[in-house]
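This report looks at the interior of the structure shown below, beginning with its enclosed space and then turning to its packing.

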Amino acid sequence: HSVRLYSIASSHYGDDIAQEHNSDTAATKMASRGHFLASSLSRGLKARATPLPRLWAVRGFSTAAAPTFENKVVVDRYSPVTEEIKRLPNDEYERNSLYTEEDSRQMGGVTASVRHDWTKEEIAEIYDLPFHELMYRAGVVHRMYWDPSEVQQCTLLSIKTGGCTEDCSYCSQSTRHKTFVKPTPTMKVQEVLQAAQRAKDAGSTRFCMGAAWRELGNKKNAFNHILEMVQGVNSMGLEVCCTLGMLNAEQAKQLKEAGLSAYNHNLDTSPEHYSNVITTRSYEDRLNTIANVRAAGISVCSGGILGLGEQEIDRVGLLHVLATLDEHPESVPINALVSVEGTPLGDDEDIDRVDAFDMARMIATARIVMPRTMVRLSAGRMTFSHAEQYLMFQAGANSIFNGDKLLTTDNPEFDEDQAMFRKFGFRGKPAHKGPLVAPAESSGEVLITKTRTEQFA
């Protein structure tokens, strides 16, 4: 067998123009570089009826001793014409399947790609860029893959507060720490649904429910109530997220069947620093829960917290774990520690406060190494001005938690966030609808390299 390789391009400079390049020498040179200057062909963004065949990148795709290449460049115009096509599918698996042939994107001197083979050194090099350069690159990557005017709004409700047996050094809900939090029983189903309706009326499109547990375990009665909550919130037209501690495969499956959209399970920090923060649950436990969630077909939401006494290399380490998962999380929350008196970290005066530049640097690096992932500006927003938050959106954040509480810590009021959105010219992402196609993509500004190989006798 030999191999036929196509490099497919799209541009706003002309329609229906095709050029064929049959020079073996030229094709071989292009293959040796492993890169083809191209942009995207009009892809037909509707769901495919059948799965795509397995596609291989240009590196090491043939065992033939002397393969020959036929390179075909097609120049077309990609311009969505209907509202349906302006949005990508909401299902992340369906959405990502549209890009299996894509190798990289290029705009404004910046090249980006969805990779799962990042080294820690590569991520550290990005993280350590001069701030102005990091912000530029992240901003360009953000615009290559997303519409920067659209921001997802999520509301987080604590449905069961306090009484947790874990020893997380930052958490006010642990029974091991003496804090202002008093344990409360699990909320009634109707109370939760009323809170979800208020969140929807205020503009939120994803409703997240958190319970202070180490794991669901054998809490069958409580779990049945949670399944009812998920079904009820889903029936309102809201996306539903939960964070309930560790899950086994069967529990994840039942949550999926009830209508759960996403599951949050943060890694918190790097594997190396983790034991300095938590000892009652291993890093592997967290990764196993993420695997169970992913296997059930639920979107993964997983990120971390800045301000846990970590070094910058630990921030890089956290991003390295997330960026080298088999599939990147659908969303990555970046939190700034909200110190609570009575917790070990809250009482530690030697820990430096997380500032807006720390947050922006972390968000920007996450945006570059996981370009198709939503990056959520999460806990700690109360400590940042609108100008500082704008810096974080410019770094690539495109999701927030809103509502006056994040579990037990203060958060900006709904009205304040809506005023901020109007000031920035943002609009909320609708529930159960996929993200908008990036304007830079639909206008042809982005050069998208696509590679496809075919074997022929």
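A cavity is a set of points, on a 1 Å grid over the protein atoms alone, where a 1.4 Å probe fits but cannot get out, and its lining residues have an atom within 4 Å of a point. The model is predicted, so that local features need pLDDT of at least 70 and side-chain atom pairs count only at pLDDT 80 or more, whereas totals for chains, interfaces and linings use all residues. Residues are numbered from 1 along each chain as its sequence is written, and side-chain values use heavy atoms, with hydrogens and water left out.

The whole structure holds 3 cavities of 30 Å³ or more, a volume being the space filled by probe spheres set on the grid points, which are joined across faces, edges and corners. The second largest is described here.

| Second largest cavity | Value |
|---|---|
| Volume | about 60 Å³ |
| Nonpolar lining residues | 3 residues |
| Polar lining residues | 2 residues |
| Charged lining residues | 5 residues |

Its lining includes Arg 95, Trp 146, Glu 239 and Lys 429; Asp, Glu, Lys and Arg count as charged, Ala, Val, Leu, Ile, Met, Phe, Trp, Tyr, Cys and Pro as nonpolar, and the others, Gly among them, as polar.

Helix α4 (residues 120–127; helices are DSSP runs of H or I, at least four residues, numbered from the N terminus) has Ile 123, Ala 124, Ile 126 and Tyr 127 as its buried residues, buried meaning under 20% relative accessible area and exposed over 50%, with a 1.4 Å probe and protein chains only. Seen down the axis of α4, these residues fall within an arc of 160 degrees, and therefore line one face of the helix, the arc being that of the directions from the helix axis to the C-beta atoms. The face turned away from this buried side carries the exposed Glu 121 and Glu 125.

Definitions and conventions:
On a 1 Å grid over the protein atoms alone, a cavity is a set of points where a 1.4 Å probe fits but cannot get out, and a pocket is an open set with protein on both sides within 12 Å along at least five of seven lines; lining residues have an atom within 4 Å of a point. Helices (H or I, at least four residues) and strands (E, at least two) are DSSP runs, numbered from the N terminus.
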